[in-house]
Amino acid sequence: MKRSYRATILLLVCLSLWACAAQQRAPVEPPATPPAQSVQAEARGRSLFYSSASDDLNRLQDFFHPSLKANEKVFAGYANQVRGFGAGASYPQIWLRDSATIIPVSRYYYTLEYLTSWIEEHLAHQGRDGQLNDWIAAGAAHNFSAGAPLVREVYKGKEAGTAGQPVVISADKNSTEADQETSAVNAAYQVFQITGDRNWLNRSINGRSLVSRLDDSLEYLLKQRFDASYGLVTNAFTADWGDVSPTYPDQRAIYLDPKTPTVVGLYTNALFYRAATQLAEIHEAVGGAERAGYWRAKAAMIRANINKHLWQEERGFYKLHLLLTPALLGNAPDDSDIFAMGGNAVAALYGVAEDRQVKRILEVAERRQRQYAVSTIGGTLLPPYPKGFFKHPVVSEEYAYQNGGQWDWFAGRLLLAEFERGYSAQAYRQLLEVARKCVRNNGLYEWNDKSGEARGSANYAGSAGVMGAAIIQGLFGVYLSSARLDLRIRLMERAGRIYLRQPATDSYLSYQYSYDEPGGRISLSYESNAKGEGRACILLPQGVRPSELLLDGSNRSYTEETVGEDRYACASTDWKPHKLELRVAR
């Protein structure tokens, strides 16, 4: 039925008045709280806080600080008070290799002394040939002799320590391994990245500069632990990155002696490549261009020889080692098909492996996890060495300790490699598996059996460090150094927010991220007190492409990048409070 002209006009007027009234009745949305204030309030005074779509992942952060707190070590050292961390509840010492892996998380909870003093103390007890100890600890040698028969007292001071007792520092080295010196370089490099303090690199440690002592430590490996035929650093035959040889049934197994078989190993040399590259950067920072060039050349040599001698094209992963002394091992099993997750993880993470190699390594890691029914990606040797091959009881069984047990301490590095090399969807799925296991065990443990049951030391600080890195740097994509801040956010379709503050520099960052799939819009609110400009890169959810980027409502140019299977949209920005909006379409 037709309406009259007057009725139509009346209807339009009424609809207009109703719309105006509704608009007047609608509450006015308050101004958005700046992201730093909003997320910091939710953090409730914590210096590290994040929230994601996974309750298990969120719960994982609750183990970080307690694990570090349980391992705090404070004692009088050679020159100053030493502050650092033990490896786990069962370890009273400050281990060099473990402590280097703790920094990615300890930097957000502790002051500068906890990052630097233990490095200085280790370097103060460096050998004349440049080698470094595995660990240092306060107390007389007899306190540690049960687990370390060759322990020795490296310092006795006249100064009074705790309870008026003389200062005594004991130390030892699990000489089966050759990662102590490279770990020292890595630790110092991380500290310099955090602080940018060149004076610290030149600081005198027992009469020699810190950077000179780092230089001596890597030279020691080239002079004393090097095989010229392969052009690679040597270590004892162990289970991948482990420190137990198959020779002895007792603690003699942690020492390299004339009866111990030796190898050129993947893990040892991947860490040397990383350390030589980092030492080159350190030398450049203090004006040592010649030494920087020297170490870059050494790094290139090691990388080339790893790929020449250890890469197995037919299998798609690196062989864990090549045996140099077969006569000392008798009937050694063929271990070419043992997938050493630790060594392959660090080769992928630190750039030894090319892109095509990384893709194949990650495929093998996932396939072996399924094949051997391991609950997470953290299985260290798949398959393990047969029962009884290692005589020491901690590794004599299959899937026990370093012989095929699960280790978050290395799984975290594999996960970070997946995020960094462009396999973020896979990394996220595997990260959730590890998080669920840790939550089920109510903490971070040294290792786990095949099914994920907790084993070894509780409150394992190294696991906190590497799992924290996988989340903070890997998933949330925070790259914070003294020179700049960059974001490479890999949350994809999942909402998330993070707040962190670094006590050593008082630097902070806060951001909130969300994806409105129906509206085709990714939103990122962020702020930091980082100086200068950086880049904010957003990993695009599967199946979408960017169409427009707005910064505080204004159009901004952006670039697209592809890394592995990941695609990003990136824009330059300063770190004042901003809201970035990326519009996407399918």
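So, cavities: on a 1 Å grid over the protein atoms alone, a cavity is a set of points where a 1.4 Å probe fits but cannot get out, and lining residues have an atom within 4 Å of a point. Grid points are joined across faces, edges and corners, and a volume is the space filled by probe spheres set on the points.

Before I use that, a word on the model. This one is predicted, with local features needing pLDDT of at least 70 and side-chain atom pairs counting only at pLDDT 80 or more, while totals for chains, interfaces and linings use all residues. Residues are numbered from 1 along each chain as its sequence is written, and side-chain values use heavy atoms, with hydrogens and water left out.

Okay, the cavities. The structure has three of 30 Å³ or more, and the largest comes out at about 50 Å³. Who lines that one? It's Glu177, Asn235, Thr238, Asp240, Val263, Gly265, Leu266, Tyr267, Thr268, Leu320 and His321. Strand S12 (262-265) and helix H10 (266-285) are the elements that give two or more residues to this lining; helices (H or I, at least four residues) and strands (E, at least two) are DSSP runs, numbered from the N terminus. H10 gives the most, with three residues. By type, the lining splits into four nonpolar, five polar and two charged. For that split, Ala, Val, Leu, Ile, Met, Phe, Trp, Tyr, Cys and Pro count as nonpolar, Asp, Glu, Lys and Arg as charged, and the others, Gly among them, as polar.

Next up, cysteines. Taking a disulfide as a pair of cysteine sulfur atoms within 2.5 Å, the count is one. That's Cys537 with Cys570, S to S 2.2 Å. Cys537 sits in strand S25 (residues 534-539) and Cys570 in strand S29 (residues 566-573), so the link ties together parts that are 33 residues apart in sequence. The link is right-handed, with 115° about the S-S bond. Both cysteines are buried, meaning under 20% relative accessible area, with exposed over 50% and partly exposed in between (1.4 Å probe, protein chains only). Cys438 is buried too, at 1% relative accessibility.

Last stop, Ala171, over in strand S7 (residues 166-172). Buried or exposed? Buried, because its relative accessibility is 0%. Leaving aside residues up to four places away in sequence, Ala171 touches Asn133, Trp135, Ile136, Val151, Arg152 and Val154, where contact means heavy atoms within 4.5 Å. And Gly139, 32 residues from Ala171 in sequence, is 9.6 Å from it in space, C-alpha to C-alpha.

Definitions and conventions: On a 1 Å grid over the protein atoms alone, a cavity is a set of points where a 1.4 Å probe fits but cannot get out, and a pocket is an open set with protein on both sides within 12 Å along at least five of seven lines; lining residues have an atom within 4 Å of a point.
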